[in-house]
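Reader: I have a model open and some questions about it. Can we go through them one at a time?

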Amino acid sequence: MARILGVEVPDNKALFVGLTYIYGIGRKTAFDILNTLEIDPNKRAKELTDDEISKLTHHINENYKVEGELRQEINKNIRRLIDIGSYRGKRHKAGLPVRGQKTHSNARTRKGPRLTKIKKR
């Protein structure tokens, strides 16, 4: 497997799909990166030369926030919302949906599994 920015990119997938394994890079960004570097997007990761891997790594480091740096920025933004006491910050802190979704019957992903109550006789 090719290793780009500490992430194992799968050998048998097309390179534009493999790059999406890096946190912060989606399909559009992957296509943009490969077109800029003039690398065939349908090439497999196992077909990459060492020179191409170093070019990819250097280009991504220079132009994009990915992996740990991006995660830190997102966590910092959420922490800021919580600290200033905004509505969104309170929702993050309570573990509830942040973007206005209903919670009466849905939101199980965000709220977690139901807590069942045991009836007493």
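Reader: How many salt bridges are there between domain 1 and domain 2?
Author: Zero. A salt bridge here is a side-chain nitrogen of Lys or Arg within 4 Å of a carboxyl oxygen of Asp or Glu. This is a predicted model, in which local features need pLDDT of at least 70 and side-chain atom pairs pLDDT 80 or more, while totals for chains, interfaces and linings use all residues. Residues are numbered from 1 along each chain as its sequence is written, and side-chain values use heavy atoms, with hydrogens and water left out.

Reader: And how many in the whole structure?
Author: The search finds five. One of them joins Asp 32 to Lys 28, with the closest N and O atoms 3.1 Å apart.

Reader: Where do Asp 32 and Lys 28 lie?
Author: Both are in helix H2, residues 27–36, and they are four residues apart, about one turn of the helix. Helices are DSSP runs (H or I, at least four residues), numbered from the N terminus.

Reader: Back to the domains. What are the bounds?
Author: Domain 1 is 1–63 and domain 2 is 64–97; such bounds come from an automatic or database domain assignment. Their contact (heavy atoms within 4.5 Å) takes 15 residues from domain 1 and six from domain 2.

Reader: What area is buried between domain 1 and domain 2?
Author: About 820 Å², with 65% of that from carbon and sulfur atoms. Buried area is the accessible area (1.4 Å probe) that two parts lose on being put together, summed over both. On the domain 1 side, Tyr 23, Ile 60 and Asn 63 supply 58% of what that domain buries against domain 2.

Reader: Which element gives the largest share of the lining of the largest pocket?
Author: H4, with four residues. Both H4 (67–84) and H5 (87–94) give two or more.
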